[in-house]
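Hi,

Here is the model I promised to pass on. Have a look at it first, and my notes follow underneath.

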Amino acid sequence: MAKTFALIGNPNSGKTTLFNQITGSNQHVGNFPGVTVEKKEGSMKKHEDMIVVDLPGIYSLSPYSAEEVVTRDFLIKEKPDCVIDILDATNIERNLYLTLQLIELGIPMVVALNLMDEVRASGNSIDVQKLSQDLGIPVIPISASKNEGIDELLQKAIAVAMQKIPPQKMDFCTGEVHRAIHSIAHLIEDHAQNIGVSTRFAATKLVEGDDLMIRELQINENEKDILGHVVDEMEQALQTDREAALADMRYQYIDHICRDAVSRKGETKEHLRSVQIDRILTHQIFSIPIFIGIMALIFWLSFNVIGGFLSDLLAYGIDGLTLLLDDLLSVYGINPWVHALIIEGVCSGVGTVLSFLPLIVVMFFFLSLLEDSGYMARVAFVMDKLLRKFGLTGRSFVPMLIGFGCSVPAIMATRTLASEKDRKMTILLIPFMSCSAKLPIYALFTAAFFESHQALVMVGLYLIGILMGILVGFLFKHSLFKGNPVPFVMELPSYRLPALKSVLIHMWEKAWGFVVRAFTVILGATVILWILQSLDFRLNVVTASADSILATIGAWIAPLFAPLGFGSWEAVTALITGFTAKEAVVSSFAVLTGADAASLGAALSQIFSPLAAFAFLVFTLLYTPCVAAISAVRHELGSIWKAIAVMAFQTGVAWVVAFLIYQIGSWFFL
Amino acid sequence: MQNTISLDKVKIGHKGVILSVGGEGAIRRRLLDMGLTPGTEVLVRKIAPLGDPIEVFLRSYELTLRQEDAKKIQVCETIEEYRRIKSGFHKK
């Protein structure tokens with residue numbers, strides 16, 4: 001009989017590693033409806049009808065973050081048959097805090113006590129039997145990374161789910177809190193039953209002052225008064241407020257359990273080692289140079305050495321196949337138009353999108369290493385101060401930095417950010433970091449127009465991008481993302497060697513996701529643009545590029561760009577082709593002006609004045625990200641409309657800034 | 001009052017015992033959830049290179065939080081002092 005298991009635990013508890021061990025590669029990654037919170041699902045190896053849902057890593061079931069709310073909703077509304085709660089045994093006190101809240105839900109539950117090998121190796125011990133008794137649920141020691149104890153865990157979980165064994169204990173409270181919870185439980189029993197939530201859980205949340213629960217239970221005014229009265233009494237007696245009282249009650253019970261079941265002689269070796277490593281990696285002076293060095297190395301390896309090599313190899317293969325196909329089509333004598341569509345449109349489109357692939361694979365290999373080793377948390381610690389002015393946390397720093405290389409992996413990297421708000425805002429700011437595909441455009445224009453100040457203009461462009469990012473960040477902080485800032489209260493987990501399997505699965509997941517999009521959305525857009533570029537309105541193949549549908553459209557909308565200094569159809573058409581990939585702007589200029597590499601600069605100076613050229617560069621810097629980046633935005637934000645809004649917003653910002661530069665510049669240079 | 005100071009004032013390498021956690025909403029709740037409850041001993045490990053946030057050690061794990069949040073956490077020096085202060089509250 002099919003059963004659903006919810007896998008849940010604190011961040012850094014080894015949850016993802018355990019999920020990978022349980023499901024192998026039978027995973028499906030998506031989002032929870034309506035929010036950009038990742039939902040992974042998979043079936044257990046050897047038990048195909050047992051579905052495991054990997055819920056976001058959270059510390060508590062409070063109603064403050066999208067992750068916590070999603071988890072609560074899933075547990076209450078989807079009613080999984082069993083909860084598998086994974087704990088980091090080296091950090092058992094804080095991990096048990098979530099466990100105690102989960103138990104109150106009354107769902108059959110087992111605890112997976114991870115990292116027991118580390119606890120034992122350091123001479124400490126946890127009495128699993130006693131822990132299980134104190135919690136009233138089965139506890140199975142495991143080592144997720146070494147794949148130990150997983151079979152026992154799953155057998156127990158399946159048994160508990162089949163026999164529907166609820167937690168044997170729920171009352172972890174004493175004294176005043178106990179009294180309050182029980183009187184409230186009595187009061188709201190019917191309400192809780194109506195919406196199918198455990199009375200105990202509902203009562204505790206009400207005592208805690210959980211607004212979401214008050215709304216869901218549809219508590220009437222009279223009951224609210226009684227609730228307020230009960231809570232007042234409790235607060236009076238305890239000399240503290242409701243939230244602190246409940247947190248304190250849980251931690252007191254945890255202390256009680258730990259005295260009973262845990263014997264700790266000292267910190268684990270891994271923890272002591274981490275403190276030593278951090279003497280260097282978060283050192284007052286060395287930490288920032290080390291971080292810059294690590295990121296520079298990753299960029300160099302991703303874009304030049306490994307990524308570059310793989311890209312060349314892939315390009316070589318695609319070129320070979322294209323030539324072969326070209327010959328075959330010629331021999332077959334296929335219609336020349338279809339021939340051109342296949343070779344120039346489809347094949348070169350496939351080539352363009354796949355050229356991203358090696359980069360994504362290599363980049364995510366390194367990013368997973370950073371994340372899984374625990375270093376990413378240190379980066380957040382070191383860099384937090386720089387980003388908080390925009391309402392962000394240090395965790396957004398690395399994705400933004402990757403944006404200077406390529407927006408596609410940068411946007412995909414926002415997945416690992418701890419909060420939904422951070423993710424959204426970071427995704428919106430990444431396009432302002434000038435990506436490396438824009439470099440050929442900068443190089444072409446600066447060589448043609450600003451030969452003596454090439455470096456200055458390039459640096460200037462990067463700075464304008466960053467400044468605009470900062471400006472927009474401020475704007476968003478006070479408009480779109482107004483309200484409660486995301487708490488930056490984050491664990492610094494012990495450094496650990498990343499599990500190769502997890503790194504590979506993560507890499508594979510990102511690469512596969514990209515390939516799927518590449519062959520649907522991205523290839524589609526590329527082919528459509530090729531068709532527009534090659535045909536005129538009577539669907540004849542054009543001989544002069546100026547007659548194509550695209551050039552005609554370019555000429556129509558060109559007047560819109562006249563106030564920016566570049567109202568020529570060539571400039572506008574080149575910008576449109578830049579949507580497939582930014583470097584296409586350069587080749588489009590060559591095609592549209594009929595110039596070769598040597599004469600292209602001269603041809604451009606026919607179209608642009610130096611000021612207009614600079615306005616054009618600023619426009620390319622800021623306007624809509626390429627189709628690959630937009631499809632990544634669509635995937636991460638989970639809505640095509642939001643992706644379109646990003647395109648429109650970026651293009652609008654680009655227009656305004658280029659307009660200001662050209663108009664204000666005209667005052668000075670004329 | 002006795003020697004109570006806020007957590008951001010505790011010198012690096014020194015310990016404090018939490019008396020109360022102030023503030024409100026999501027941040028306060030997160031602090032409590034992470035185990036910063038009254039009576040908990042906290043060691044201030046270090047300050048980030050840019051002067052903020054700070055790293056503390058409690059309940060056998062490392063936690064980072066911002067100075068502005070640390071300001072809202074009142075601590076005293078020792079657990080004995082904590083007990084003395086708390087028992088004083090109850091007598092009133």
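Which residue of β5(B) does A:Glu491 stand opposite? It is B:Leu63. That spot belongs to a strand pairing across the two chains: β10(A) and β5 of chain B (residues 61-65) run antiparallel, with 3 bridges between them. Bear in mind throughout that this is a predicted model.

Now the interface as a whole. On the chain A side 48 residues are in contact with chain B, which contributes 34 residues of its own. The two chains bury about 3800 Å² between them, and 57% of that is on carbon and sulfur atoms. If you want somewhere to start clicking, try A:Phe381, A:Arg388 and A:Val489: together they supply 17% of the area chain A buries against chain B, more than any other three residues.

There is plenty of polar detail to go through too. The rule finds 8 salt bridges across the interface of chain A and chain B. One to look at is B:Arg66 with A:Asp384, where the closest N and O atoms are 2.8 Å apart. Polar contacts across the interface come to 20 residue pairs, counting those with both residues at pLDDT 80 or more.

As for what chain A puts into its side of the contact, the elements giving two or more residues are α3 (92-103), α8 (199-208), α11 (242-261), α12 (269-281), α13 (287-332), α16 (375-387) and β10 (490-492). The largest share, 7 residues, comes from α11(A). By type, that side of chain A divides into 19 nonpolar, 11 polar and 18 charged residues.

On to chain B by itself. Its secondary structure comes to 3 helices and 6 strands, in the order β-β-α-β-β-β-α-β-α from the N terminus. The radius of gyration of chain B is 13 Å, which agrees with a compact globule, because one of 92 residues would be near 12 Å. Along the principal axes, the C-alpha atoms of chain B fill a box of roughly 45 × 30 × 25 Å.

Two backbone details to finish. Most residues other than glycine have a negative phi, and most peptide bonds are trans. In chain B, though, a cis peptide bond joins B:Asp52 and B:Pro53, with omega about -5°; B:Pro53 sits in the loop between β3 (41-47) and β4 (54-58) of chain B. In chain A, the phi of A:Lys46 is positive, near 70°, and A:Lys46 lies in the loop between β3 (38-44) and β4 (47-54) of chain A.

Cheers

Key
Residues are numbered from 1 along each chain as its sequence is written. Chains are lettered from A and ligands numbered from 1 in the order in which they are written. This is a predicted model: local features need pLDDT of at least 70, side-chain atom pairs count only at pLDDT 80 or more; totals for chains, interfaces and linings use all residues. Side-chain values use heavy atoms; hydrogens and water are left out. Contact means heavy atoms within 4.5 Å. Buried area is the accessible area (1.4 Å probe) that two parts lose on being put together, summed over both. A salt bridge is a side-chain nitrogen of Lys or Arg within 4 Å of a carboxyl oxygen of Asp or Glu. A polar contact is a pair of N or O atoms within 3.5 Å; within protein, one must be able to donate a hydrogen and the other to accept it, and residues adjacent in sequence count only if both atoms are side-chain atoms. Helices (H or I, at least four residues) and strands (E, at least two) are DSSP runs, numbered from the N terminus. Ala, Val, Leu, Ile, Met, Phe, Trp, Tyr, Cys and Pro count as nonpolar, Asp, Glu, Lys and Arg as charged, and the others, Gly among them, as polar. Two strands pair if DSSP finds at least two bridges between them. The radius of gyration is taken over C-alpha atoms; the globule rule is 2.2 Å times the number of residues to the power 0.38.
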